[in-house]
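Colleague: I have a model open on my screen. Can you walk me through how to read it?
Modeller: Gladly. Let us look at it together.

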Amino acid sequence: MRERGLTRRRMLGIGGALGLMAATGLSATAALARRPSITGAELRSAVPLPPPFHVPLPIPSVLAPVSTSGGVDRYQITQREASAEILPGVRTPLWTYEGTFPGPTIESRRGRPVTVTHRNELPVPTVVHLHGGRTPAASDGYPTDLVLPEGWQEHSMHMGHGSEHGMHDPRAVVTELTRDYTFPMDQRPTLLWYHDHRMDFTAPAIWRGLAGLHIIHDDAEDALGLPAGPRELPLMIADRAFAADGGLAYPALDPTLRVRPGVREPYLAGVLGDVILVNGAPWPVHEVDAARYRLRILNASNARHYELEAVTDDGRRLDLVQIGADQGLLAAPVTHQLLPIAPAERYDVIIDFSGVPVGSRVRVVNQLGSGRTRDVMAFRVARRATDDSRIPSTLSTDLPEWRRSDAVRVREFSFRAGQMHAGHGWLIGGLPFDPARTDVTTRLGDVEVWRFVADVHHPVHLHLVGFRVLSRSGRAPLAHDAGLKDTISLRPGEAVEIITRFDGYRGRYLFHCHNAEHEDMGMMANLEII
């Protein structure tokens with residue numbers, strides 16, 4: 001990847017607006033007329049795939065704390081190799097948190113601190129990031145703050161973009177075998193997720209299984225009367241592809257993930273799988289009552305975007321009533337029939353099965369998919385049941401009211417393909433990531449407006465803070481932009497404005513594209529809060 005530039009033919013082969021813009025110099029406007037609905041290339045599985053809607057939906061186990069003394073919930077998680085039967089009758093080797101994929105769910109209460117001790121028994125260094133967490137910098141999972149496996153030789157370790165070119169990170173905090181991550185949980189109730197964030201190898205590490213859920217609750221949300229208990233379902237959606245031996249196929253240049261980062265040329269724009277997993281199961285089915293259900297949806301795919309739709313067997317669309325975004329509850333519900341969701345985005349949605357005949361089925365489909373990737377999962381309505389849940393017209397009153405006039409500055413960042421170390425990369429503001437360079441400095445408490453401009457699809461994530469969407473290409477935000485977010489989906493050629501207040505903690509944080517292949521190939525930047 002870094003040894004030579006791409007030929008024009010290979011670049012065009014990557015697909016869509018990326019190839020057109022990078023290889024021919026077309027403007028965004030010209031490229032958009034030919035843009036694909038996805039950014040990336042699809043891997044095809046080499047094993048027979050099961051029919052959809054036969055495997056039951058697994059619900060990730062909830063992790064029990066090892067201690068609750070002193071007002072702090074303490075957890076222990078071992079990162080280790082394991083195997084699981086993801087496809088029926090096939091064993092798949094995985095990298096896991098506590099031996100499962102997804103990893104175990106942590107449930108916590110707002111304002112009650114959590115400490116998670118991670119033990120790395122994998123063959124490579126790891127880093128843990130709590131995505132969406134308001135976390136002190138020392139526990140945020142900076143990509144060079146590695147947890148080394150026991151006996152790891154540092155001289156053999158690739159330390160990220162530029163280390164082979166003389167750059168390094170003088171601020172990296174490296175530990176051996178274990179690390180304590182402390183999360184104050186001083187934030188709105190919502191669905192977060194934790195995943196590996198190791199420098200240059202985030203994409204293959206997540207692909208191999210290093211992802212899990214973290215849910216924050218509070219008393220005010222509990223009192224709303226929303227569907228709860230077995231009618232509250234976490235749904236981690238992720239695409240994968242399977243090799244002939246049952247393992248997870250991934251086009252890494254270095255399959256050991258030890259030294260050389262990157263993917264083979266056809267997949268530089270992103271890796272897509274041909275199997276849709278929900279909570280680690282292929283195209284699962286879940287039996288439900290004829291009642292309201294709360295779906296906490298995460299797109300944990302590396303690069304695949306979805307447009308979700310719930311359709312009955314007779315072709316009727318069910319409403320998807322959005323009650324929450326990445327950073328918690330909306331002010332009021334927003335009703336969708338089609339819900340776009342980019343990598344790392346989360347949506348909190350109510351779906352009402354009470355009008356669906358018992359014995360019939362509701363399919364969740366992806367309008368951006370084709371063939372097998374059009375199906376996501378299904379619900380089978382099994383029985384009539386009483387339902388005392390409700391959807392209040394007012395969900396929360398604590399959303400920030402930042403105004404454009406509050407901003408002390410406006411910044412603009414371009415997210416585009418470009419050259420990096422004589423090869424292809426993904427750049428923010430024309431620069432590849434360098435851990436030793438500070439890209440943005442802001443003061444704690446400052447309100448800023450940021451403008452993002454994209455060439456192809458880029459889901460942009462800010463660490464530490466949530467933000468509000470102000471505009472898309474000069475127009476009003478879309479319906480699904482409501483609420484407080486930490487990841488924004490930029491569509492090809494689009495310019496998006498967001499507003500946020502940099503509060504919480506001082507220190508070094510990141511913002512980056514959450515297409516994981518883009519992230520690994522340079523599309524990150526440093527944010528210093530002073």
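Modeller: Start with β18, which gives the most to the lining of the largest cavity, 3 residues. Keep in mind that this is a predicted model.

Colleague: How is empty space found, and how many cavities of 30 Å³ or more are there?
Modeller: Rolling a probe the size of a water molecule over the atoms shows where empty space is left. Here the count is 4 cavities of 30 Å³ or more. The largest cavity has a volume of about 100 Å³.

Colleague: Which residues lie nearest the centre of the largest cavity?
Modeller: They are Leu-235, Leu-295, Ile-297, Leu-308 and Val-364, out of 14 lining residues. The elements giving two or more residues to that lining are β12 (232-240), β17 (292-299), β18 (306-312) and β25.

Colleague: Back to β18. How many of its residues are buried?
Modeller: 6 of the 7 residues in β18 are buried, so the strand is mostly covered, taking buried as under 20% relative accessible area.

Colleague: Which strands does β18 pair with?
Modeller: Take them in turn. Strand β22 (residues 339-341) pairs with β18 in the antiparallel sense over 3 bridges. There, Tyr-306 stands opposite Ile-341. Strand β24 (residues 361-366) is joined to β18 by 5 bridges, also antiparallel. Ala-310 faces Val-364 across that pairing. Strand β19 (residues 317-318) runs antiparallel to β18, with 2 bridges. Val-311 has Arg-317 as its bridge partner.

Colleague: What links β18 and β19?
Modeller: The two form a hairpin with 4 residues between them. Gly-315, in the turn, has a positive phi of about 90°.

Colleague: Now β25. Is Asp-375 buried or exposed?
Modeller: Asp-375 lies in strand β25 (residues 375-384). Asp-375 is buried because its relative accessible area is 16%, and the cut-off is under 20%. Its contacts include Trp-283, Arg-363 and Val-364.

Colleague: How do I spot the edges of a sheet?
Modeller: Look for strands with a single partner. One open sheet has 4 strands in the order β3-β2-β5-β9, with mixed pairing. β3 (92-97) and β9 (178-183) are at its edges with a single partner strand each, so one side of each lacks a neighbour in the sheet. Neighbouring strands in this sheet are turned by 20° against each other on average, direction ignored. Strand β2 (residues 73-84) meets β3 through 6 bridges, running antiparallel. Glu-81 has Trp-95 in β3 as its bridge partner.

Colleague: Which residues touch the most other members of the largest nonpolar core?
Modeller: Phe-379, Trp-450, Phe-452 and Phe-511 do, in a core of 105 residues. Phe-511 touches, among others, Phe-413, Trp-450 and Met-524.

Key
Residues numbered from 1 in each chain as written. Predicted model: local features only at pLDDT ≥ 70, side-chain atom pairs only at ≥ 80, totals over all residues. Heavy atoms only, no water. Buried < 20%, exposed > 50% of the residue type's maximum accessible area, 1.4 Å probe, protein only. Contact = heavy atoms within 4.5 Å. Core = buried A, V, L, I, M, F, W, Y, C linked by side-chain atoms within 4.5 Å. Pairing = 2+ DSSP bridges. Axes fitted to C-alpha atoms, helices over the stretch in contact; angles between N-to-C directions. 1 Å grid on protein atoms, 1.4 Å probe; cavity = no way out; pocket = protein on both sides within 12 Å on 5 of 7 lines; lining within 4 Å. Points joined across faces, edges and corners; volume = space filled by probe spheres on them. Lists of a residue's contacts leave out its neighbours within four places in sequence.
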